[in-house]
Amino acid sequence: MEEVKIYLSEKEMPREWYNVLPDLPEPLSPPIHPGTGKPVGPEDLAPIFPMELIKQEVSQERWIGIPDELIDIYKMWRPSPLQRAIHLERFLKTPARIYFKNESVSAAGSHKPNTAVAQAYYNKKAGVKRLATETGAGQWGSALSFACNLFGLECTVYMVKVSYEQKPYRKFLMQTWGGKVYSSPTNLTNAGKAVLKKDPNSPGSLGIAISEAVEDAAAHEDTKYALGSVLNHVVLHQTIVGLETQKQLKIAGEQADILIGCVGGGSNFGGFAVPFLSEKLKGRDIKIIGVEPTSCPTLTKGPFRYDFGDIAKMTPLLMMYTLGHSFVPPAIHAGGLRYHGAAPIVSNLVNQKIFEAVAYPQNSVFEAAIMFAKTEGIIPAPETAHAIRCAIDEAIKCRETKEEKCIVFNFSGHGHFDMVSYDKYLSGKLEDYVLPEDKIKEALSELPDIKI
Ligand SMILES: Cc1ncc(COP(=O)(O)O)c(C=O)c1O
């Protein structure tokens, strides 16, 4: 009988993160200063990030050492298991082998602590007292509250209003670890006030919450900003996921044919997939698929161009797939996938057709989530269920073609705090939403025209 769970010992845990920047066939376009329209320098980012993270953001070193103190903390939940979904395979009657990398085993229940603890560590070393951040689904806010507590930092979380209302238990989790949580948009920042003036019932969005957190950090000397996705250093920290997966597949005697991850800002998908880039560039036939919701179809419907990361235009402009910084996605339940942009690294690789992207409506995503919960037992986060939907569809294709492919997806988080959305699905109250083309056009009409 083959092993179902493939574990690494703590000694086998990677000691370095993989930086994909020097290996990108087409280099990233530089971030642009929102005020000057010129490429940003390290000094421009210094008010909101500590220098070590700024260095990682632009580093051309392929391998970046993980400090021993962080290795000790990673050992609280890492290495995470790679698990074969044999019960799902049998249910689907597929000849494909399906594996999932289980990142739900962290304290916060997702991949987010992989970067949260690293960001808290470098901020603490730089003498910072407080971190301000946004959270969509509540996973990132939980992860940062957890990490700040470990390093004795205060943590302020601007939580997107729809999630704040749908997920009170995520809020309690953050508060348990010492985080201060506000429903965004708030009346505490100029950015929040401006949104509320236009629309007092705004459901909030990640773009709005980011503006609030960045403003908070810029206005306070002892405070910096932490972002849970999108940026290069976040993808860098998440590469521990893909690096472990590679070692585990080797132990299982497998080579992945298809790699799948859900995409909000792109950090779990990016960190899971980029370590496999060199195999793909050497000509091995691997399909690498990012999965997003049809209600926020950044990679599948957005153009690839410069845009702000937030609604108040405070962040640098990044070259990425975007639906426009003013775009407020509909309140679907996968709150963590409601972001108008996508990581420049992931966008770059999709633009070069090295990575692919697909989009699914939420009812088919929940159908997959329930199928997974009933066969493998674990209840996935709605975000993660996007990856599961795609893995199931690929496995069904294999059943039809009789191909014995190896499908590996990243199980980015569990859904224990998402049961209200399961209830809505089970009682037939979830609506599918496909973003109309004119809504996309409207949001894109506000995009800045950057020429460098
Ligand atoms: C469980 C889970 N998966 C995925 C995501 C999407 O983020 P990213 O694309 O950065 O991995 C989130 C975001 O909150 C999340 O909570």
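Which helices each supply at least two residues of the shell around the ligand? Hold that thought for a moment. One caution before we start: this is a predicted model.

Here is the reply. Helix 6, helix 12 and helix 17 each supply at least two residues of that shell. Helix 6 covers residues 139-151. Helix 12 runs 267-273, and helix 17 runs 382-401. Helix 12 gives the largest share, three residues.

Let's stay with the ligand. In total, 21 residues surround it. The closest are Gln139, Ser229, Gly264, Gly336 and Gly413. What is the make-up of the shell, by nonpolar, polar and charged residues? Seven are nonpolar, 13 are polar and one is charged. The shell also draws on both domains, with at least three residues from each of domain 1 and domain 2.

So to the domains. Domain 1 is built from 18-37, 44-66 and 112-225. Domain 2 is built from 79-109 and 238-438. Their centres, taken over C-alpha atoms, are separated by 22 Å. The contact takes 40 residues from domain 1 and 47 residues from domain 2.

Look at the domain 1 side of that contact. Five elements give two or more residues each: helix 5 (113-125), helix 6, helix 7 (161-166), helix 8 (168-176) and helix 10 (206-219). Which helix gives the most? Helix 10 does, with seven residues. By class, this side of domain 1 has 21 nonpolar residues, 13 polar and six charged. Note helix 6 again. It appears in the ligand shell, and it appears on the side of domain 1 that touches domain 2.

Now the sheets. Start with the four-stranded one. It is open, its order is 8-7-6-9, and the pairing is parallel. Why is one side of strand 8 and of strand 9 left without a neighbour in the sheet? Strand 8 (180-184) and strand 9 (223-225) stand at the edges and have a single partner strand each, so one side of each stays unpaired in the sheet. From one strand to the next, the twist averages 25 degrees.

Strand 7, residues 154-160, pairs with strand 8 in the parallel sense over five bridges. To find that pairing on the structure, go to Val157, which stands opposite Val181 in strand 8. Helix 6 packs on this sheet. It touches strand 6 (130-135), strand 7 and strand 8. Its direction makes about 175 degrees with that of strand 7.

Next, the seven-stranded sheet. This one is open too, in the order 1-4-5-15-10-11-14, and its pairing is mixed. Which strands are at the edges? They are strand 1 (5-6) and strand 14, and each pairs on one side only. Inside the order, strand 4 and strand 5 (residues 97-102) run antiparallel, joined by three bridges. Arg84 has Tyr99 in strand 5 as its bridge partner.

Helix 17 packs on this sheet. It touches strand 5, strand 10 (258-262), strand 11 (287-293), strand 14 and strand 15 (406-411). Its direction makes about 155 degrees with that of strand 10. And helix 17 is another of the helices that supply the ligand shell.

One helix pair deserves a slide. Two packed helices are described by the angle between their axes and the distance between the axes. Helix 2 (residues 51-58) and helix 11 (residues 232-251) pack at about 85 degrees, and their axes are 8 Å apart. Roughly parallel or roughly perpendicular? That angle makes helix 2 roughly perpendicular to helix 11. From helix 2, Leu53, Gln56 and Glu57 meet Asn232, His233 and Leu236 of helix 11. By class, this contact has two nonpolar, three polar and one charged residues.

Last, some backbone details. Where are the cis peptide bonds? One joins Arg78 and Pro79, with omega about -10 degrees. Pro79 sits in the loop between helix 3 (68-74) and strand 4 (82-84). Another cis bond runs from Ser184 to Pro185, with omega near 10 degrees. Pro185 is in the loop between strand 8 and helix 9 (190-198).

Then there is Lys353. Its phi is near 65 degrees, a positive value in a residue other than glycine. Lys353 lies in the loop between helix 15 (344-351) and strand 14 (356-360).

To close, go back to the opening: helix 6, helix 12 and helix 17 each give the ligand shell at least two residues.

Conventions:
Residues numbered from 1 in each chain as written. Predicted model: local features only at pLDDT ≥ 70, side-chain atom pairs only at ≥ 80, totals over all residues. Pairing = 2+ DSSP bridges. Axes fitted to C-alpha atoms, helices over the stretch in contact; angles between N-to-C directions. Contact = placed C-beta atoms within 7 Å. Near = placed C-beta within 6 Å. Nonpolar A, V, L, I, M, F, W, Y, C, P; charged D, E, K, R; others polar. Domains from an automatic or database assignment. Parallel < 35°, antiparallel > 145°, perpendicular 65-115°, else oblique.
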